[in-house]
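Here are two exercises to work through with the viewer open. Try each one before you read its solution.

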Amino acid sequence: MTINWFPGHMVKARREIEKNIKLVDIALILLDARAPFSCRNSDLEKIARNKKVVMVLNKADLASPEAIRHYMQALEQEGFLVVAMDSLSGKGRQAVLRMAKSAFQEKAEELQRKGRRPRAIRAMIMGVPNIGKSTFLNSLVGQKIAQTGAKPGVTRGKQWVRLREDIELLDTPGLMWPRVESEEQGLKLALLDIVGENAYSEYEVGLYLLSILKDKHPQILLEKLGLDAGNQLEEEMLAKIAGKRGYLLKGGVPDLDKTCQVLLQEFRRGKLGNISLD
C-alpha cells in the first residue's frame, strides 16, 4: 500500500513557515514518541537548520519508556536537544521549558554582549499533522487557547501565544512532505493517524498492526485481544477478533471493517498498551 497525502493547503503552510522562521530564536519540533523517526519531516528540519532545534517526543505516555530512552539517545547523537512530554497530563512540561531556555542561552548572551535588553524567547512549534501541537501548546500555557481535534490539519495559519513573561510561542499548521517513499513508513504514519483517513485502507493498516503485535507483542495479543497468535495469518486473527467481540454482518460473517476501525482507535488511545513502532 502506497500512502501519499499532501493536501493543497500545505503548499501555503510551508511558505508561511519558511517566512516566519526568521521571527523566532528556536524551533520546537514535535515527534510522536511511538515512532519519532518515521514522523520526522526533513523539510521542516531544513527550514529550521539555522535555528537551535529542540526535538519533543510527544505522547510519551503511549510509548515504551525503554524505547523512548533509545530514541532520545539517537537524536542527541545527531546534535539535537531532546525531551519527552505527555501533553495530556502535562508531564514533562517543566523539562520542555528548561530545554527551551538552554537552547536560547547562546542567543541571550549574544544580545547581552551587544548591550540589548533581555527579551522573551521566541519559539516556533513545528511538526507533521495530528502530532499534538495544539494540545502541547495548551499544556504549556495551562489553559485551552488553541483548537484541538482528532483529525489531521485542524490548525491553520499563524498563531502567537505568550506563555509567560520570558517565552512566546508561534504555532504552525502540521506539514507533511510530498511523497512517502517507504511502504512501512506510510503504514506507521497511517497507524499513528498522521495522514488523512482517505489516504489509506483501514483494513491494510489493521493487518499491519496485528503483524506488529504478533511479532513483537504476543502478550498484548493474548491479554488484550484473547488471541494466541501461533502461526495464524493476520487475516485469520482479524476474523477471530471480530467473532469474539460480536462484530458480525448478516449470516454471521465477520465485520472486518468495523474490527479494523476499533483496533486502530484502541491503539491510538493507548488501550492496547505502550507500543513503540520504530
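**Exercise 1: a helix pair**

In this predicted model, helix H9 (residues 234–245) packs with helix H10 (residues 256–268), their axes 9 Å apart and at an angle of about 90°. Work out how to class the pair, which residues of H9 and H10 make the contact, and how those residues divide by class.

*Solution*

Step 1. Start with the angle: values of 65 to 115 degrees count as roughly perpendicular, so H9 is roughly perpendicular to H10.

Step 2. Now pick out the contact. H9 brings Leu238, Ala239, Ile241, Ala242 and Arg245. From H10 come Leu256, Thr259, Cys260, Val262, Leu263 and Glu266.

Step 3. Sort the contact residues of H9 and H10 by class, and you get 8 nonpolar, 1 polar and 2 charged.

**Exercise 2: a cavity**

How many cavities of 30 Å³ or more does the structure hold? Then find which residues line the largest cavity, and which elements each supply at least two residues of that lining.

*Solution*

Step 1. Count first: there's 1 cavity of 30 Å³ or more. The space in the largest cavity comes to about 40 Å³.

Step 2. List what lines the largest cavity: Ile26, Leu28, Val96, Leu97, Ala100, Ala123, Leu140, Leu163, Ile167 and Leu169.

Step 3. Map the lining onto elements. Strand S1 (26–32), helix H4 (93–113) and strand S6 (167–171) each give at least two residues, and H4 has the largest share, with 3 residues.

Step 4. Check the chemistry: the lining of the largest cavity has 10 nonpolar residues, with no polar and no charged ones.

Notes:
Residues numbered from 1 in each chain as written. Predicted model: local features only at pLDDT ≥ 70, side-chain atom pairs only at ≥ 80, totals over all residues. Heavy atoms only, no water. 1 Å grid on protein atoms, 1.4 Å probe; cavity = no way out; pocket = protein on both sides within 12 Å on 5 of 7 lines; lining within 4 Å. Points joined across faces, edges and corners; volume = space filled by probe spheres on them. Helix = DSSP H or I, 4+ residues; strand = E, 2+ residues; numbered from the N terminus. Nonpolar A, V, L, I, M, F, W, Y, C, P; charged D, E, K, R; others polar. Axes fitted to C-alpha atoms, helices over the stretch in contact; angles between N-to-C directions. Parallel < 35°, antiparallel > 145°, perpendicular 65-115°, else oblique. Contact = heavy atoms within 4.5 Å.
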